[in-house]
Amino acid sequence: MSVSIVSRKSWGAKPWNGAPAAVPLSKRTEFFIHYDGGNPINYTGVKVPQAIQRSHLAQGWAGVGYNFVIDQDGTIYEGRGWTLQGAHCPEHNVSGIGVQIAIGGDQKPSDKALAAARALYDEACRKTGRTLAKKGHKDGFATACPGKHLYEWVKAGMPAPKGAESEKPKPPTPKPVSKIVALNPAVKPGATHKQVRELQQLLVKAGYGPIKGAYTDFYGPETQRAVARFHDRNPAYRSGLHDPKIGPKGFVALQKKAGHR
Ligand SMILES: [Zn+2]
């Protein structure tokens, strides 16, 4: 799954205040999840990275300190991106890619946000060619971040939410294949045909036996008597008393009586 990321330019980022150092992907070994802090975030969209930018610039940083920010709609915004050193967790800013999910306090992350974060993690592993360690901010620094819900999610292995999975198209359920077959017109009293064997088996199975000498390909007198018994008990399919000719409709009805569907 490829991830789509809203670039700094697209969300209206200000120029960097100074120049964050470049970090090659080969130095990345960890993936850190953060939240916004003690207060819930009740908005989504470009306001999210813009608010973080304001706060981080006010701290004298170069701009948004996270590599990426994800809002509750599951939209991913570029901060330091894949190539620049972050400012999100002391001693882990080179090794760690820092991602903020924009919630705070006891706020629960949405499935969309978690799905986006997981997709971003998978993309990070793909780009670096290694399995990055899954971490919450508090794994690298004494802090409440990323809060109860996100930390539990990180510890559970950052599972993609079930809701997101069920949105994938399901494979179509195969229709049951009917076992009912048509009567070959060559199957009639006195004839020899391989379907006669099947007719005899159906007659016996449905309770119109016995058929002496069965099973054969020959539609002989024994078979005809069994067919006549079927017709006498199911007059709707006969064309005369003791009808020895099964007929197409009778053959289908016989299969159903033998339990075929
Ligand atoms: Zn944090």
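Mentor: Before we start, a donor here is an N, O or S atom within 2.8 Å of the metal, and water is not among the atoms, so a site may look incomplete. Please also keep in mind that this is a predicted model.

Trainee: Which residues coordinate the zinc ion, and through which atoms?

Mentor: The donors follow the spacing H-x102-H-x7-C along the chain, which tells you to look for two histidines and then a cysteine. Their distances to the zinc ion are 1.9 to 2.3 Å. The residues and atoms are His34 (ND1), His137 (ND1) and Cys145 (SG).

Trainee: How many residues apart in sequence are the parts that His34 and Cys145 tie together?

Mentor: His34 belongs to strand 2, while Cys145 sits in the loop between strand 6 and helix 4. Both His34 and Cys145 are buried. Because the two lie in these separate elements, the pair ties together parts whose distance in sequence is 111 residues.

Trainee: Which residues of strand 2 point one way, and which the other way?

Mentor: In a regular strand the side chains alternate between the two faces of the sheet. Strand 2 covers residues 30-34, and five of its five residues are buried, so burial by itself cannot separate the two groups, as residues pointing either way are buried. One way point Glu30, Phe32 and His34, and the other way point Phe31 and Ile33.

Trainee: Which residues are the bridge partners of Glu30 in strand 5 and of Phe31 in strand 6?

Mentor: Strand 2 runs parallel to strand 5, to which five bridges join it, and it also pairs in the parallel sense with strand 6, over four bridges. Glu30 has its partner in strand 5, whereas Phe31 has its partner in strand 6. The partner of Glu30 is Gly96, and that of Phe31 is Lys134.

Trainee: Which strands stand at the edges of the open sheet?

Mentor: The sheet has six strands with mixed pairing, in the order 1-4-3-5-2-6. A strand at the edge has a single partner strand, so one side of it is left without a neighbour in the sheet. At one edge, two bridges join residues 5-6 in parallel to strand 4, with Val6 opposite Tyr77. The edge strands are strand 1 and strand 6.

Trainee: Which element gives the most residues to the largest nonpolar core?

Mentor: This core has 27 residues, and those with the most contacts inside it include Phe31, Ile33 and Ile70. The elements that give two or more residues to it are strand 2, strand 3, strand 5, helix 3 and helix 4. With nine residues, the element that gives the most is helix 3.

Trainee: Which helices do the buried residues of helix 7 pack against?

Mentor: Helix 7 has 13 residues and reaches 18 Å from its first C-alpha to its last, close to the 18 Å expected. Its buried residues include Ala226, Val227 and Phe230. In helix 8, buried residues such as Phe251 and Leu254 are covered by elements that include helix 6 and helix 7. The helices that the buried residues of helix 7 pack against are helix 6 and helix 8.

Trainee: Which residue takes a positive phi just after helix 8, and of about what value?

Mentor: Helix 8 covers residues 248-257, and the place to look is just after this helix. There you find Gly259, whose phi is about 95°.

How values were computed. Residues numbered from 1 in each chain as written. Predicted model: local features only at pLDDT ≥ 70, side-chain atom pairs only at ≥ 80, totals over all residues. Heavy atoms only, no water. Buried < 20%, exposed > 50% of the residue type's maximum accessible area, 1.4 Å probe, protein only. Pairing = 2+ DSSP bridges. Donors = N, O, S within 2.8 Å, 3.2 Å for Na, K, Ca; no water. Core = buried A, V, L, I, M, F, W, Y, C linked by side-chain atoms within 4.5 Å. Expected span 1.5 Å × (residues − 1). Contact = heavy atoms within 4.5 Å.
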